[in-house]
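Reader: I am a first-year student, and I would like to learn how to read one part of a structure carefully before I look at the rest. Could you take a single residue in a loop, go through its surroundings slowly, and then place it within the whole chain?

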Amino acid sequence: MNSLTLTLSPEQVSALEAKYPSYVESPPPHAVLRLKIDGLTITAYQSGKVLFQGKGIESFIQKNQLESLMETSEEKSKDTPSLPKDFSSWSVMGSDEVGNGAYFGPLTVASAYVSKENIPLLKKMGVKDSKDLTDEQIRALVPKIKEVIPYKLLTLWPEKYNEVQQVKNLNEMKALLHNQALRLLSEKIMPESPEGYLIDQFCKPELYYRYLKGQPLVDKNKTYFITKGESHHIAVAAASMIARCAFLDGLDSLSTEFGYKLPSGAGSNVDQIAAKILKHNGMDTLRKVAKLHFANTEKAKRMK
């Protein structure tokens, strides 16, 4: 990736300027900020558009938690991805992940297979987008879901996450985990085979398959990608709930093991807990409970 354009708020632009004061250069016309950081040039314009050019774009985006804003002009599709007619009534294996936006806790990826015969039962149970349910509701429902449908759950704990993140970006890690969860579950339900696979889209399909070059795959001809997948098939909703429950359990487990109440998310309350851990236990402990490439780490270092 040699160039990337994002739309940032004035507060986000100011935060970058405050974080990298020694890299500020005189901006060109119609720009409000220019940074040059080790071969990477970042230019923020009055319109809110921010242009990234050069080396290390993905690493910078991850470090500063801007991935959700990613829009490259060469990759952006003008067509809304579509699914086959009546896809929501198919027998589908779906996958989703939880924890990639949370500083503390693991990254969890789940796949779930819902045959067309089980769709009415899961709907009756109340399975839906995990964002529309409280954590208590999810934790009450997930054990019942696991009794009804086959699933596969993968958990990448922070210590291992930090190790892998040194050589793979976040989307590559997610691609590998989604693919593994789908493959393992496909083997588990054999000889039955889904009519389709649905991945809650986190990157373009061509990039997803580029990350998986050389890896065994589920049937590409039956694999679909779409954002907000949980609203398109209940299999993704079930996978999302299973992954969310595992993330919450993981957060609780780490809290108990290390003696801190670890919050979800990546807000200022997270910075305060991270600073306490650094002050009293050091970086060796923080790397076991947190995803260190988040900007929260640098904030915590300044606070301790």
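**A close look at one loop residue**

Author: Leu69 lies in the loop that runs between α2 and β6, and everything said about it here is read from a predicted model. The two elements that frame this loop are α2, covering residues 57-63, and β6, covering residues 92-98. With a relative accessible area of 25%, Leu69 counts as partly exposed, because buried would require a value under 20% and exposed a value over 50%.

What does Leu69 touch, once its neighbours within four places in sequence are left aside? The residues in contact with Leu69 are Leu6, Thr7, Leu8 and Gln12. For one of these partners, Thr7, the separation can be stated in two ways: Thr7 and Leu69 are 62 residues apart along the chain, while their C-alpha atoms are separated by 7.1 Å.

Another residue of the loop between α2 and β6 is Asp86, and what stands out in Asp86 is its backbone, since phi is positive, at about 65°, although the residue is not a glycine. A positive phi is also found in Asp38, again a residue other than glycine, with a value near 45°. Asp38 sits in the loop between β3 (31-37) and β4 (40-45), and it is exposed, because its relative accessible area of 67% is over 50%. A further backbone detail belongs to the loop between α6 (170-189) and β9 (196-200), where Pro191 is found; the peptide bond joining Met190 and Pro191 is cis, with omega at about 10°.

It helps to set Leu69 beside other residues, taken one at a time. His30 belongs to the loop between β2 (24-25) and β3, and it counts as exposed, because its relative accessibility is 61%. Not counting residues up to four places away in sequence, His30 touches Tyr45 and Gln46. Between His30 and Arg244 there are 44 Å from C-alpha to C-alpha, and the two are 214 residues apart in sequence. Asn269, for its part, is placed in helix α9, which spans residues 268-280, and it is partly exposed, with a relative accessible area of 39%. The C-alpha atoms of Asn269 and Leu177 are separated by 29 Å, and these residues are 92 positions apart along the chain.

Buried residues can be illustrated by cysteines: Cys203 counts as buried because its relative accessibility is 9%, and Cys245 is buried with a value of 8%. How many disulfides are there? The count comes to zero.

With these examples in mind, we can turn to the whole protein chain, whose secondary structure comes to eleven helices and ten strands. Of its 304 residues, 48% count as buried. The contact between Leu69 and Thr7 links residues 62 positions apart, and it can be read beside a figure for the whole chain: among contacts with a separation of 6 or more, 70% are between residues 24 or more positions apart.

The overall dimensions can be described in two ways. A compact globule with 304 residues would have a radius of gyration near 19 Å, so the 21 Å of the protein chain agrees with that expectation. Taken along the principal axes, the C-alpha atoms fill a box of roughly 65 × 50 × 35 Å. The accessible surface of the chain comes to about 15100 Å², and 48% of it belongs to carbon and sulfur atoms. Finally, the chain carries 40 positive and 35 negative side chains, and the centres of these two sets lie 2 Å apart.

Methods. Residues numbered from 1 in each chain as written. Predicted model: local features only at pLDDT ≥ 70, side-chain atom pairs only at ≥ 80, totals over all residues. Heavy atoms only, no water. Helix = DSSP H or I, 4+ residues; strand = E, 2+ residues; numbered from the N terminus. Rg over C-alpha atoms; globule rule 2.2 N^0.38 Å. Buried < 20%, exposed > 50% of the residue type's maximum accessible area, 1.4 Å probe, protein only. Contact = heavy atoms within 4.5 Å. Areas by Shrake-Rupley, 256 points an atom, 1.4 Å probe, with all protein chains shown as cover. Lys, Arg positive; Asp, Glu negative; His and termini not counted. Charge placed at Lys NZ, Arg CZ, Asp CG, Glu CD. Disulfide = S-S within 2.5 Å.
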